[in-house]
Amino acid sequence: MNCYSPNMVLTNGVWLGENPMHYSLPLFLTQLLFVSVTTRAIAALLRPLHQPLIVAEILSGLVLGPTLMGRIFKNSNFFFFPLRSENLMKTAANIGLLFFVFTVGLEMDMSNFRHTGRKVLSVAAAGMILPFLVTISLSYTFREHLLPEPNNNHAFYIYLAIALSITSFPILARMLIDIKLMETEIGHIALSSAMIIELLGWILLAIGIAFTGDTSDTNDPPPPSHLIILAGLLFVLLCIFVVRPAVGRFMRRTPEGEVMSDMDSGTILIGVMAAGLMADMIGIHSAFGAFLYGFVIPPTPHATALIGRVEEFIKDLLLPLVFFGSGFRTDLLMIKRLNHALVIIFIFLLSSAAKIGVIVLIAVYFSFPVLDGIALSFLLNPSGFVILSIAQDKKLIEAETYAIMLLLNIIMTITVMPVVTAAHKRSRKHLGYKRRNLQCSRPDSELRMLTCVHKSRNVPSIMSLLDFSNPTKRTPIFVYALHLVELSGQASAMLIVHNTRSSNSLPLTHAQSEHIIAAFETYEQHTGGVSVQPITAVSPFSTMHEDVCSIAEDHHVALIIIPFHKIHSVDGGMEVIHPSIRMLNANVFKHAPCSVGLLVDRGLSSTVGVNRLQHLRHVVVLFFGGADDREALAYAWRMAEHPAVSMTVLRFIGKGEEVGEQDEQYVSEFRLNFVSNESVVYVEKVVSNSEETVGVIRGLMEGERHDLYVVGRGSGKSRLTTGMDEWSECPELGPIGDLLASSDFGTGSATSVLVVQQYVGEGAFREGVEEDEEVVVESPTKLESVQHYLSGHTASRGGGGVLA
């Protein structure tokens, strides 16, 4: 018997000798503090293993509960977690559960179910039905070993089958974000399948509750299941045909793009409690009412804002109590019946094996690699923690059985991340794709590009470069426009694929994303031959290159375009966007699975709309030889096909040096293709050293004004560029690219530069580029540094004087 005093809520302080733990509020705050601190400590220990937060929350319950602390300090758990506080903790946990499942339903878009293909429906149906039937069959077969008495066997079997066949949608979503699979085809199939599986699971749960009811008191008569099901169907119809349109009209009161007022958003959130109350009064679990209410709300940016309002507080403070309670009420050391434990483990393993096997078979049937099928099957494996908690609350599952099931679910959840990561990495390593660079692709084939954007000011220059690239129906370009956002103050990184053709796009994570997406959507509508898929990646700069490279590989991109870490300013100079972008660019060059182009914009954005202009734009290609220069010429090949582009290909040949066979063959093919095109001019310059090379480039820059220089990053292994990288300000541009990008060199400060690196395979030696060496120029101007270096360099060789 527990006695409660309504006056013992707030303490008068410790000065009168009162114990704060005897009062409700201080006790509850202390419990929240213990739960939060312990969960975060365990999560920090598990962070290198990339485990989801739910594992840390359950383990914290096991640590503070009778499994560990209850045995080490026999009275401490009763001091901080006495029996009289159990109802308060359960109430707070159920409030957190209500809003948690509300956000789960809110994140599900009903329109996705109309567009899911055979793959998703097949995976979801087989992944749910087969383990459900296997569990039911095995439970009846071994029913004598599962429950000590025959009461409520049917209810127990239903809950056990649902727990072993369901997939937790929010847990899966956070796993996909952590291992950066959200934007992949496997990620899309897993997430869509989990949505369908969880929806079916909640429906089965509602039906099961209707037939079993709350059996905590066996003296109560059985519930009227026919009335519960009838009232449940009416509740579902009410939510779909009354609540959904009413909430939709209410949300449309706030124009799109404006923030919903606190009064309006609070009114919608009140509906969560009303839906939970109605479901509980019907006889269905209140969580199903909150889930259904969130599911029927139309997916709009305002609905996304509701998730943001609820997530931080509920998921950080109240929701951990749900999973903490699962571990806290469990004593793993009470597992003593060996036969009973072996039967539960056998059913669990066989059900999981059935799910894994059928999903792998379906994946192979739809031409997926076996490793991808294994990754998909583990992602969709059981995560029915909430179902188990509900079953325990309704006294449908024994404490020993619950402890075994909880331990098995924890082990399964822990194994998902390493298995999926290893399988997907090996699958990607074996698959790959052929056209990783432009030289291996036909100039008239579709070009898949990944263009990176940091700010809105990067967009015009990217569009100009796309215009130069000759997008037509015969030579189409598919662009993945990636907005890179620095992670700041958020729980985890995320990657969002936006749908430009629907107003119900995925939530925006940054204010500039909306403008960038709108700009690319408008460009796509008014430019023929270009298709755009906007993507937003939110991650720290230290790992941002992983997002870039992962998207490029998953979408078989041939060329990545990254912006320079400096941007053209109003006064004609260059200002730094963010110092970490330079490190990002270097990492992309180093780890990219395809060719990379770095764009130094100094006025290229003013040429937007080259497809619709009659006067010519001037492009210069500097060719020294090597893989990177051949890739630069391959990209220029597409540009040369454009009727509004005139091109000069300036080839440098070393005096007395042998010309590379591959270089000679590719240049000959280019010249032969444009032999009758008067807009393409081919010029050869024979030079002896880097001094003469700089002189030729300077003379070119002081002549006719050009719009764009295209040059290879490596610039070949030749004495024509020897020593130039030693005075480079930006070694990531290569010696020639760094020279062209310098505002101190010649009069070419208004000319943009595209530096291209060809993908030549993992671990291959890159010609002429020192990855790790960086020299900072401290002279007054870069031109003086060039002159100083070249004068000393040529003098030591016995050559001529300084640069004229």
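Leaving aside neighbours within four places in sequence, which residues is E57 in contact with? In this predicted model, residues are numbered from 1 along each chain as its sequence is written, local features require pLDDT of at least 70, and side-chain atom pairs count only at pLDDT 80 or more. Totals for chains, interfaces and linings use all residues, while side-chain values rest on heavy atoms, with hydrogens and water left out.

Outside that sequence window, the contacts of E57 (heavy atoms within 4.5 Å) are made with T39, K315, P320, F323 and F324. E57 itself is placed in helix α2, residues 53-64; helices are DSSP runs of H or I, at least four residues, numbered from the N terminus. The residue is buried but has no salt bridge. Here, buried denotes under 20% relative accessible area, exposed over 50%, and partly exposed the range in between, with a 1.4 Å probe and protein chains only. A salt bridge requires a side-chain nitrogen of Lys or Arg within 4 Å of a carboxyl oxygen of Asp or Glu. For E57, the nearest side chain of opposite charge is that of R40, 7.1 Å away; in this assignment Lys and Arg are positive and Asp and Glu negative, whereas His and the chain ends are not counted.

Side chains of opposite charge can pair when their charged atoms come close. Across the whole structure, seven salt bridges are found. One of them joins R337 to E400, with the closest N and O atoms 3.0 Å apart. This pair links distant parts of the chain, 63 residues apart: R337 belongs to the loop between α15 (301-328) and α16 (338-365), and E400 to helix α19 (residues 399-431). R337 is partly exposed, at 33% relative accessibility, whereas E400 is buried, with a relative accessible area of 9%.

A salt bridge is also formed by E446 and R448, whose closest N and O atoms lie 3.6 Å apart. Both partners are partly exposed, E446 at 35% relative accessibility and R448 at 27%.

In the pair D663 and R630, the closest N and O atoms are separated by 2.6 Å. D663 lies in helix α25 (residues 661-673) and R630 in helix α24 (residues 627-640), so this salt bridge ties together parts 33 residues apart in sequence. Relative accessibility is 10% for D663, which counts as buried, and 9% for R630, likewise buried. In addition, R651, E664 and E684 are joined into one network by salt bridges that share partners.

Notes
Helices (H or I, at least four residues) and strands (E, at least two) are DSSP runs, numbered from the N terminus.
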